[in-house]
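I opened this notebook to record what I looked up in one structure. The entries follow the order in which I consulted the model.

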Amino acid sequence: MGARGELFTTQIYLDNRSYFFNVKENRTGDVFLQIVESKNRDGVEADRHQIAIFAEDMQKFLQGFEKSLDFVEKDRKQRQKAAKEKRAEKDAKYSTGAKKIYRVKSEKGEKSEKRADDGIKRTGKVIHIVSKKDIDSSDN
């Protein structure tokens, strides 16, 4: 038996937190899991929280933990599905279905054909797209 009744210890290090999973035995011989969260602030260990789960309660604890993980996973999938649907709805609303065509400015000496007014203002090398709102409001 290790120091302070420790039978087994494992650690997980994250950004500014460390988690310790300690399996311990108390003086009466009861085995329990001690989970310790240690939170660092500005390089100084500031917060330390711990919980203890006794061996006879570990299965119930694990069941609750698994239910929570299932909910988180299901919720994550639902959020992804909703975001995908929202993105598809937005694309359907704002896209015309036609592919956008980009043209390269012609070389000097080549004749450029006259283009119909398609709402795109072309000045030099930069193409400015004028919104339909601007066109409609100028007609009024």
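**Entry 1: the second largest pocket**

I began with the lining of the second largest pocket, which consists of Phe21, Leu33, Ile35, Ile53, Met58, Gln59, Phe61, Leu62 and Phe65. I note that the model is a predicted one. The space in this pocket comes to about 190 Å³.

I then asked which element gives the largest share of the lining. Helix H1 does, with five residues. H1 spans 58-94, and both H1 and strand E3 supply at least two residues of the lining. Sorted by class, the lining holds eight nonpolar residues, one polar residue and no charged ones.

**Entry 2: aromatic pairs**

I searched the whole structure for aromatic pairs and recorded two. In the pair of Phe32 and Phe54, the ring centres are 5.3 Å apart and the planes stand at 45 degrees, so I entered this pair as tilted. Phe32 belongs to strand E3 and Phe54 to strand E4 (residues 44-54), so the pair ties together parts that lie 22 residues apart in sequence. I looked up the accessibility of both partners. Phe32 has a relative accessible area of 14% and is therefore buried, whereas Phe54, at 31%, is partly exposed.

The pair of Phe61 and Phe65 is stacked, with 6.4 Å from centre to centre and 15 degrees between the planes. I checked where these two residues sit: they are four residues apart in helix H1, so about one helical turn separates them. Phe61 is partly exposed, with a relative accessible area of 33%. Phe65 also counts as partly exposed, at 46% relative accessibility. I had already listed Phe61 and Phe65 among the residues that line the second largest pocket.

**Entry 3: strand pairing**

I turned next to the strands. Strand E1 (residues 6-13) runs antiparallel to E2, and seven bridges join the two. I looked up the bridge partner of Glu6 in E2 and found Lys24. The connection from E1 to E2 is a hairpin through three residues.

On the pairing of E2 with strand E3 (residues 31-41), I recorded nine bridges in the antiparallel sense. Tyr19 stands opposite Glu37 in E3. The hairpin of E2 and E3 has five residues between the strands, and within this hairpin Gly29 takes a positive phi near 95 degrees.

**Entry 4: the two faces of E2**

How do the side chains along strand E2 (residues 17-25) point? I found that they alternate. Ser18, Phe20, Asn22 and Lys24 point to one face and are buried. Arg17, Tyr19, Phe21, Val23 and Glu25 point to the other face and are not buried. Of the bridged residues noted above, Lys24 is thus entered on the buried face and Tyr19 on the other. Phe21, which I listed in the pocket lining, is also on the face that is not buried.

**Entry 5: Ser18**

I closed with one residue of E2. Is Ser18 buried or exposed? Its relative accessible area is 9%, under the 20% limit, so I entered Ser18 as buried. Which residues does Ser18 contact, once its neighbours within four places in sequence are left aside? I recorded Ile12, Tyr13, Val36, Glu37 and Ser38. Among these contacts, Glu37 is the residue that I had noted opposite Tyr19.

How values were computed: Residues are numbered from 1 along each chain as its sequence is written. This is a predicted model: local features need pLDDT of at least 70, side-chain atom pairs count only at pLDDT 80 or more; totals for chains, interfaces and linings use all residues. Side-chain values use heavy atoms; hydrogens and water are left out. Buried means under 20% relative accessible area, exposed over 50%, partly exposed in between (1.4 Å probe, protein chains only). Two strands pair if DSSP finds at least two bridges between them. Contact means heavy atoms within 4.5 Å. On a 1 Å grid over the protein atoms alone, a cavity is a set of points where a 1.4 Å probe fits but cannot get out, and a pocket is an open set with protein on both sides within 12 Å along at least five of seven lines; lining residues have an atom within 4 Å of a point. Grid points are joined across faces, edges and corners, and a volume is the space filled by probe spheres set on the points. Ala, Val, Leu, Ile, Met, Phe, Trp, Tyr, Cys and Pro count as nonpolar, Asp, Glu, Lys and Arg as charged, and the others, Gly among them, as polar. Rings of Phe, Tyr and Trp (its six-membered ring) pair if their centres lie within 6.5 Å; planes under 30 degrees apart count as stacked, over 60 as edge-to-face and the rest as tilted.
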